[in-house]
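Me: Please take a close look at one part of this model. I would like to know how the helices pack, and what surrounds that packing.

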Amino acid sequence: MRYQRVLLPIILVVAWEIAALAINNPFILPSLETVVPILINPFSASFTLGTGSLAENAAISIERVGLGFLLATAIAIPLGVLMGRSRALNDFFDSLIEILRPIPPLAWVPLALAWFKIGLTSIVFIIFIGAFFPILLNTIDGVKGVKKTWIEVATTLGASERQVLLKVVLPGAAPTVWTGLRVGFGIAWMCVVAAEWLPGISRGLGYLILYAYNFGQTNLIIAGMVVIGLIGLAIDLVFKKVEKKWFSWRGLER
Amino acid sequence: MALVLDSISKSFSLADGSTVDALSGISLAVADSEFVSVLGPSGCGKTTLLRIVAGLETPTSGTITLDGERIAGPSPRMAMIFQEYSLYPWRTVIDNIEFGLEIRGMTREERKKRAIEYLDLVGLRDFAGRFPYELSGGMRQRVAVARALAIDPAILLMDEPFGALDAQTRNRLQRELLDIWEKTRKTVLFVTHSVDEAVYLSDRIVVLTPRPGRIREIVPIGLPRPRERTDVEFARIRRYVLDHVENMADTR
């Protein structure tokens, strides 16, 4: 790693510490030594105002995101494949999707509460909305991008419709679908924080940082934000790693 | 006669409701193990003709029979080799060659064995584990040839397979193709717009007219192989075929 990559974070941390000393108000800017203990003791419940440990809250958020994301994947990929393969189905669904897509996931919150009441279902629904569209649109794109010759080769070699789908269309679309999953997960992770601010929720990283605000614990807010960022980063790295390993052929079709 | 095309015609309808005739009344009989080229200017429908034989398109009228049996749709006895972009980039070279065998449900060991055989035939054994994007254009077309041969078809359909290659590589692949053809005795139907290529490779050249594509002339090439491009007789035949093609371009 080149040193330039770590230079700015180091400068920021130093500047933060100096500013915290100068401001001398932990509600505006807590000093580093009040944030770090929370981060290095993620399994301790003694820093989190009785809401369970940082790790516990993180696990709950991850679980919620996972549910919404899996649900979105399970619906968006098959639908995207159908829409990518069939002009008629594409035209049938397209206008509805174009209308729904620009609505921000959080604009669905009141409706989610009306339909599903307070609780896990509402949160999962918001996350589902966030992850659904990028996965769907990328799947459609990926399937449409499958080269005609690839399909014709399979056809002339005697492949059935099913074989064409499983052995040509899906692997051919996979890199683009994977991009959709990666973007979808990123949005889902953003949604979970906001969804955990819904009334009646009492766990999760989003809940934790809002709760900390109510108690004036800015150090806990920042620790929670750092964890949210790190988890998002770690998962994105996994997506990238898989992309590099399996889909390195992308853009090199010849 | 192995492959018989009887009065094949094809017209396409356009968006404005009019129709364009791409092919008109093509009748041709190709013998077993014969190497026949279909030659014509671009837009003469030669690729369409090959695609009809491959079962990728249906003729507007006319029939195709293989050993007396009528063919409609892709036949397991034919394999097609495309100009480019035909290899699966997510599969290694050997997995690409195995593709057709996999489709036919052959066991893993059996198809691996068969694929290696054909890798040897095209001289790419050392590249079995490579991906298509790691190969040169010539190597990729060798893999495509191996993949087509692996299913042991009676007929190879080739759609300008060397059209995207540089001249040197193209000449080498033409020689290799003839070697393979002499070893395997497949029937070959070969589409090209290169007179030189057609004269070098073929037993007979079918010259098509521009749209609608009709058979203008069938030129038998009696020269023994391997043919020399610098040979006087080779040059004479090339001149003869070229004159036909050029005349048509003028009178279009």
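Reply: What follows covers a helix contact between two chains, then chain B, then a helix pair within chain A. The model is predicted.

Start with the contact between chains. Two packed helices are described by the angle between their axes and the distance between the axes. Here the partners are helix 8 of chain A, residues 161-195, and helix 2 of chain B, residues 93-103. Their axes come within 12 Å. They cross at roughly 160 degrees. Angles over 145 degrees count as roughly antiparallel, so helix 8 of chain A and helix 2 of chain B are roughly antiparallel to each other. The crossing of these two helices is right-handed.

Which residues make the contact? Helix 8 of chain A supplies A:Gln163, A:Lys167 and A:Val168. Helix 2 of chain B supplies B:Phe99, B:Glu102 and B:Ile103. By class, the residues of this contact are three nonpolar, one polar and two charged.

Now chain B as a whole. Its secondary structure comes to seven helices and 10 strands. The C-alpha atoms fill a box of roughly 55 × 45 × 35 Å along the principal axes. A compact globule of 252 residues would have a radius of gyration near 18 Å, and chain B agrees because its own value is 18 Å. Buried residues make up 54% of the 252 residues in chain B. Take the contacts in chain B between residues at least 6 apart in sequence: 68% of them join residues at least 24 apart.

Helix 1 of chain B, residues 46-54, is mostly covered. Eight of its nine residues are buried. Among them are the nonpolar B:Leu49, B:Leu50, B:Ile52, B:Val53 and B:Ala54. The charged B:Lys46 and B:Arg51 are buried too, as is B:Thr48. B:Gly55 follows helix 1 of chain B, with a positive phi near 85 degrees.

Last, a pair inside chain A. Helix 2, residues 32-40, packs with helix 10, residues 218-246. Their axes come within 9 Å and cross at roughly 50 degrees. Helix 2 of chain A and helix 10 of chain A are therefore oblique to each other. Helix 2 of chain A passes helix 10 of chain A in a right-handed crossing.

From helix 2 of chain A come A:Thr34, A:Val35, A:Ile38 and A:Leu39. They meet A:Asn219, A:Leu220, A:Ile222, A:Ala223, A:Val226 and A:Val227 of helix 10 of chain A. This contact has eight nonpolar, two polar and no charged residues.

Note on methods: Residues numbered from 1 in each chain as written. Chains lettered and ligands numbered in written order. Predicted model: local features only at pLDDT ≥ 70, side-chain atom pairs only at ≥ 80, totals over all residues. Heavy atoms only, no water. Axes fitted to C-alpha atoms, helices over the stretch in contact; angles between N-to-C directions. Helix = DSSP H or I, 4+ residues; strand = E, 2+ residues; numbered from the N terminus. Parallel < 35°, antiparallel > 145°, perpendicular 65-115°, else oblique. Left-handed = near helix turned anticlockwise from the far one by under 90°. Contact = heavy atoms within 4.5 Å. Rg over C-alpha atoms; globule rule 2.2 N^0.38 Å. Buried < 20%, exposed > 50% of the residue type's maximum accessible area, 1.4 Å probe, protein only.
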